[in-house]
Every structure is written in structure tokens, then in C-alpha cells.
Amino acid sequence: MKTFFIASAACCLLAIASCQKNTPSPAPSPSSSLYFPPVSGNTWETVSPASLRWNEGELNNLFTFLQQKNTKAFIVLKDGKIVVERYFGRFTADSVWYWASAGKTLTAMLVGIAQKEGLLRISDRTSQYLGNGWTSLPADKENLITIRHQLTMTTGLNDAVPDDDCTLRQCLQYTADAGTRWAYHNAPYTLLERVVETAARTDYNTYFQRTIRNRIGMGGLWVKTGFNNVYFSNARSMARFGLLLLNRGKWGSTPILDDDNYFNDMINSSQPLNLSYGYLTWLNGKSSHMLPTVRFVFNGAMVPNAPADMYAALGKNDQKIYVVPSQNLVVIRMGESAGNVQLAVSSFDNELWGQLNKVIR
């Protein structure tokens with residue numbers, strides 16, 4: 001995500017804001033006692049750290065750490081209720097910030113909804129929605145690329161072009177057959193927007209608002225920033241989506257993504273190349289992982305200090321949605337880069353969970 005475009009888009013939205021190949025297995029179902037805040041209004045039940053027997057003495061150390069790491073907003077939900085909510089500097093509960101690539105997981109859920117509604121199938125060729133010649137590839141290579149490849153970062157398109165955000169035909173170049181290479185590449189992901197718009201016959205914001213945002217009480221908006229389409233909202237809207245992820249696509253008893261098979265595929269290894277990646281969602285606890293812009297496969301879990309069953313929406317400059325089904329936890333972080341600028345996973349993930357583990361016991 002380009003800082004220049006993000007800054008300009010933020011200004012626009014502030015004016016609007018008042019408005020081993022692992023075998024896939026279902027994640028544990030959250031407790032039926034999960035709390036969900038009302039869809040309208042600002043009511044959100046809280047629970048004290050003391051009542052959960054958390055280590056309150058470590059909270060101030062956690063807040064100091066977060067402030068030192070350029071954090072703007074931090075929220076922890078337990079069983080859907082707010083345990084920790086802290087804002088730093090001039091940032092408030094009403095302030096709007098960008099999700100960067102954490103918004104990719106929003107798109108993954110939206111594609112699942114479109115499939116459930118019969119508007120598309122993820123096995124469809126992308127060219128069925130973008131037209132022939134949407135890349136610079138020969139037709140036989142272009143036709144290998146499906147929506148599922150876009151969801152899993154396995155299109156085979158060249159991520160080493162001068163601008164890997166560029167969605168123009170000349171920027172979409174061949175490196176490998178679809179499905180044979182994993183690379184974190186923004187452009188093919190971004191084009192899912194046009195796939196959904198074509199399938200739904202409406203614009204992206206309208207479809208997203210109808211199917212997800214308005215149904216769970218989120219605020220926010222997708223904003224075009226150069227080639228990218230970036231989601232902006234306040235921190236509680238991000239927490240609402242985290243709670244939706246925790247409850248496997250249901251808001252209370254109301255299905256938002258009414259497809260358990262798709263959701264299960266979304267939060268499990270989607271291909272054997274990077275076990276720590278589902279459908280535009282990062283997965284912890286796998287035997288190996290890959291990182292954006294790096295061609296190596298690293299042994300071990302992506303975030304060793306975090307619970308093994310955690311899955312996450314992660315964005316540039318350390319925008320974070322962590323979901324831990326085994327503990328009914330959702331953790332939200334918005335802010336500037338914590339120091340090690342990365343597109344998604346960074347060293348901050350492990351540092352933060354090291355601090356959180358001292359509080360949550």
C-alpha cells in the first residue's frame with residue numbers, strides 16, 4: 001500500500017466517517033455464550049481483566065509497549081465482550097484508519113458470500129469475469145488462472161514487476177503456471193474487486209455494505225488509493241469483523257457467510273506451497289511458513305508466541321486482527337509501523353504476543 005495514496009484517502013474518508021501439508025480440519029466452534037453487540041448504536045458490553053483473573057499488573061507494561069510501538073488503537077475481546085480498549089495520542093474511538101492488507105480477509109469472506117449466492121464459483125476462470133486478455137499472458141496460460149488462485153496468492157503472475165500493485169495488462173506478466181508458485185502479490189488480489197462487481201452487477205462498496213457491513217453494524221468504506229482498494233474504519237468496526245471471524249461467519253445466530261465448508265477452507269492451508277496461508281488469511285501453528293517478498297520457506301510457526309490455532313488478517317504497518325478460537329479471543333491493533341515495515345507479518349506480531357501472554361493467563 002502506498003503511503004501517499006493512503007494519506008490522501010484518509011482525508012477523504014474522515015469527511016465521510018460521521019456517516020508438513022496439514023490436513024484441513026474444522027476450527028473449534030466458539031462457545032454458544034459469545035456476546036454480540038447490537039447492530040445499531042454504540043453499546044458494547046465489557047468485562048474486567050480482574051474477573052477473568054488476568055494479570056492486571058502487566059497491563060501498564062503492555063500499554064507502554066504499545067505506545068512505544070506507534071499504536072493508535074488496541075482492543076481485546078473475550079467471549080465477544082471488551083476487556084481492553086485503549087487509544088493513544090489524539091486517536092479516539094471515532095477516529096478512522098486504514099486496514100491495509102488486513103482488508104484482504106474482508107474480501108475473502110465477500111467472495112465466499114458471492115459463491116453462496118450463486119453469483120460465481122471460485123473454480124471459475126478469472127477471464128470469465130475480467131474478459132480475455134486481462135493479463136499479458138498467452139491465452140492458454142491466462143486461462144489456467146481461477147478465482148481460487150487469486151484467493152490463495154498462486155496466480156503465477158510476476159510479483160517482481162516495478163509496481164506489484166499495478167493491475168494494468170502490461171504489469172500482469174507470466175512467471176509460472178497458476179497453482180505452482182506462491183507469492184504475495186497485490187494486483188491479482190485487487191482484481192477480485194472487479195470479479196465481484198461483474199458477478200454481482202453492482203459496485204464493490206454497495207455489495208459489501210449489503211452483505212457484511214450493514215448486517216453486523218460496521219462502519220467504514222472501501223476507498224480507491226491508486227491501483228489499490230483500501231478499507232477504512234474505526235477500531236470497533238475492525239473488532240466487529242474479528243468477532244464475525246471468531247464465530248465462523250455468523251453474527252450471533254444470523255448467517256453472514258452461510259457456507260461452513262468455504263469458511264473452513266478459508267482458515268486452513270489452501271495449498272501446499274505456503275501452509276500458513278488460507279484464503280487471504282494468515283494461519284499460525286503450521287510446520288512452515290512463507291512471507292511477503294521472500295522466496296524462502298521457513299520452518300516453524302509464523303508467530304511462535306501466539307496460540308497455535310490463531311488465524312489473522314494482517315496489513316502493512318502492523319494493522320492486525322488476531323482470532324483465537326480456543327480462547328474466544330479477538331485482538332485488534334491499528335497504528336503506524338511498529339518499526340519493522342512489512343506488508344503483513346512482521347516481528348511485531350511475536351513481540352506483541354510475548355507481551356500479551358504476560359497479561360492473559
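In the predicted model, strands S11 and S12 form a hairpin with three residues between them. Asn 317, in the turn, has a positive phi of about 60 degrees. Asp 318 lies in the loop between S11 and S12 as well, and its phi, near 65 degrees, is a positive value in a residue other than glycine. The relative accessibility of Asp 318 is 2%, so this residue counts as buried. The pairing of S11 with S12 (residues 319–324) is antiparallel and runs over five bridges. Within this pairing, Tyr 311 has Val 323 of S12 as its bridge partner.

Strand S11 (residues 311–315) is mostly covered, with five of its five residues buried. The burial extends to both faces of the strand. Tyr 311, Ala 313 and Gly 315 are buried on one side, and Ala 312 and Leu 314 are buried on the other. S11 also pairs with strand S8 (residues 282–283), in the antiparallel sense and over two bridges. There, Leu 283 has Tyr 311 of S11 as its bridge partner. Tyr 311 thus appears in both pairings of S11, facing Leu 283 as a bridge partner and Val 323 of S12 as another.

These strands belong to an open sheet of six strands in the order S2-S1-S13-S12-S11-S8, with antiparallel pairing. S2 and S8 are the edge strands, each pairing on one side only. S1 and strand S13 (residues 329–335) are joined in the antiparallel sense over seven bridges. The bridge partners in S13 include Ile 332 for Ile 75 and Gly 335 for Thr 71. S1 pairs with S2 as well, again in the antiparallel sense, over six bridges. In S2, Tyr 87 is the bridge partner of Ala 73. The hairpin of S1 and S2 has two residues between the strands, and in this hairpin Asp 79 takes a positive phi near 55 degrees. Of the eight residues of S1, six are buried, so the strand is largely enclosed by the rest of the structure.

Helix H2 (residues 59–68) has a buried set made up of Leu 59, Leu 62, Phe 63, Phe 65 and Leu 66. These residues lie on the same side of H2, because they cover an arc of only 160 degrees around the axis. The face turned away from this buried side carries the exposed residues Asn 60, Gln 67 and Gln 68. Packing of the buried residues of H2 is against strand S1 (71–78), strand S2 (81–87) and helix H12 (347–359). The helix thus has contacts with two strands of the hairpin described above, in addition to H12. Just after H2, Asn 70 takes a positive phi of about 65 degrees.

A further positive phi is found at Arg 53, a residue other than glycine, with a value near 60 degrees. Arg 53 is located in the loop between helix H1 (3–16) and H2. Its relative accessible area is 68%, and Arg 53 is therefore exposed. Asp 318, by contrast, is buried, although its phi is positive too.

Asp 259 is placed in the loop between strand S7 (254–255) and helix H11 (260–266). The residue is buried yet has no salt bridge. Lys 116 is the nearest side chain of opposite charge, at 5.5 Å; a salt bridge would require a distance within 4 Å. Lys 116 is nevertheless touched by Asp 259, as is Gln 115, when residues up to four places away in sequence are not counted. The side chain of Asp 259 also reaches a backbone atom, the nitrogen of Asn 261, at 3.2 Å.

Methods:
Residues numbered from 1 in each chain as written. Predicted model: local features only at pLDDT ≥ 70, side-chain atom pairs only at ≥ 80, totals over all residues. Heavy atoms only, no water. Helix = DSSP H or I, 4+ residues; strand = E, 2+ residues; numbered from the N terminus. Buried < 20%, exposed > 50% of the residue type's maximum accessible area, 1.4 Å probe, protein only. Lys, Arg positive; Asp, Glu negative; His and termini not counted. Polar contact = N/O pair within 3.5 Å; in protein donor to acceptor, adjacent residues only side chain to side chain. Contact = heavy atoms within 4.5 Å. Arc of directions from axis to C-beta. Pairing = 2+ DSSP bridges.
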